[in-house]
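Student: I've got a model open and I'd like to know what stands behind the words people use for it. Can we go through it together?

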Amino acid sequence: MKILKNVFELNKAIKNYKNVGFVPTMGGIHKGHESLIKISQKNNRETIVSIFVNPTQFNQKKDFKNYPRNIKNDISILRKLKVNYLFLPEVNEIYKKKMKKFKLKKNDKILCAKHRKGHFEGVLNVMNRLLSIIKSKQVFMGEKDFQQYLLVKRILGKKYKINIFSCPTIRDSNKIALSTRNKLLKKSSIKTASKIAIELDQLKKMSLKDKLLDLSKCKYNLQNKFKIKIDYLEFRDEKKLKLNNFNSDYRLFIAYHINGVRLIDNF
Ligand code: AMP
């Protein structure tokens, strides 16, 4: 695996992106990332993974500082997976150029866009920069961050004329969606998060039979039962994230705080 630290090294190493798939990450590589990499490898001769903890998408400095990092371990996993290239830039390398910033439209200010102000503007900013550097035509993103996938696909997929593929959420045996942030959870919080995931999975299944579920009551009950703060608990369709549109495929979206850690998931 070639480790490329800047645009110069990257351009020297990769001349032709015709068969190179791209998997952007913030590191703390886990089985969720691995599944994206494997899907890219199935569809491309070569795969490039980026690891970049993007400061502009964190709306709290403390959250950015505490984000779990373990680059040595990441490199060893990526080597075992036979990833061809790892792009590992410093912040200055990504942000040295002036580039247009993105503003979300009013309709997009829902779910995490409403509750984490500036987060997706930061995601779009860094993805715009990464895609202007890494000229892959096939990008692989996880359904775990469904709203992120939809926004990047709609706004940057169009701009760069690239295919952005969604990959299913990988869960632990306890049903928690794998996430680098899970490393911040205490044992007791992991147990609770597992129970919450199981309840939400059932709730989604029940909703398929009875569309008239009162989610405000569910939200209230979950908050009290598990001592969590829920930012949102909403059914939204998969295409446009319209609220309670049960006429096409839909998901149950949640973001909640447990012992100072914010988790998101969808079912
Ligand atoms: P992150 O490193 O958390 O920014 O994630 C990098 C990519 O991996 C994003 O496209 C995520 O949606 C995806 N991802 C993260 N966790 C999972 C998971 N449990 N299953 C599938 N994809 C995931």
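Tutor: Here is a short run of questions on cysteines, the sheet and one serine.

Tutor: First, this is a predicted model, where local features need pLDDT of at least 70, side-chain atom pairs count only at pLDDT 80 or more, and totals for chains, interfaces and linings use all residues. Residues are numbered from 1 along each chain as its sequence is written, and side-chain values use heavy atoms, with hydrogens and water left out.

Student: How many disulfides does the structure hold?

Tutor: Zero. A disulfide is a pair of cysteine sulfur atoms within 2.5 Å. Cys-112 is in none, as the nearest cysteine sulfur, in Cys-167, is 19 Å away.

Student: Why is the sulfur of Cys-218 in no bond with the closest cysteine sulfur?

Tutor: That closest sulfur belongs to Cys-112 and is 19 Å off, so it is too far for a bond.

Student: What makes Cys-112 count as buried?

Tutor: Buried means under 20% relative accessible area, exposed over 50%, and partly exposed in between (1.4 Å probe, protein chains only). Cys-112 has 5% relative accessibility, so it counts as buried. Cys-218, with 15%, counts as buried too.

Student: On to the sheet: what is its strand order?

Tutor: The open sheet has six strands in the order 1-4-3-2-5-6, with parallel pairing. Strands here are DSSP runs (E, at least two residues), helices likewise (H or I, at least four), numbered from the N terminus.

Student: Why are strand 1 and strand 6 said to stand at the edges?

Tutor: Strand 1 (2–4) and strand 6 (163–167) each have a single partner strand, so one side of each has no neighbour in the sheet.

Student: How do you know that strand 2 and strand 5 pair?

Tutor: Two strands pair if DSSP finds at least two bridges between them. Two bridges join strand 2 (residues 20–25) to strand 5 (residues 138–142), so the pair meets that definition. Phe-22 stands opposite Val-139 in strand 5.

Student: Last one: why is Ser-194 called buried?

Tutor: Ser-194 sits in helix 9 (residues 187–209), and its 11% relative accessibility makes it count as buried.

Student: What does Ser-194 touch?

Tutor: Contact means heavy atoms within 4.5 Å. Leaving aside residues up to four places away in sequence, Ser-194 touches Asn-174 and Ile-176. A polar atom of the Ser-194 side chain lies 2.8 Å from the backbone oxygen of Asn-174.

Technical notes: Polar contact = N/O pair within 3.5 Å; in protein donor to acceptor, adjacent residues only side chain to side chain.
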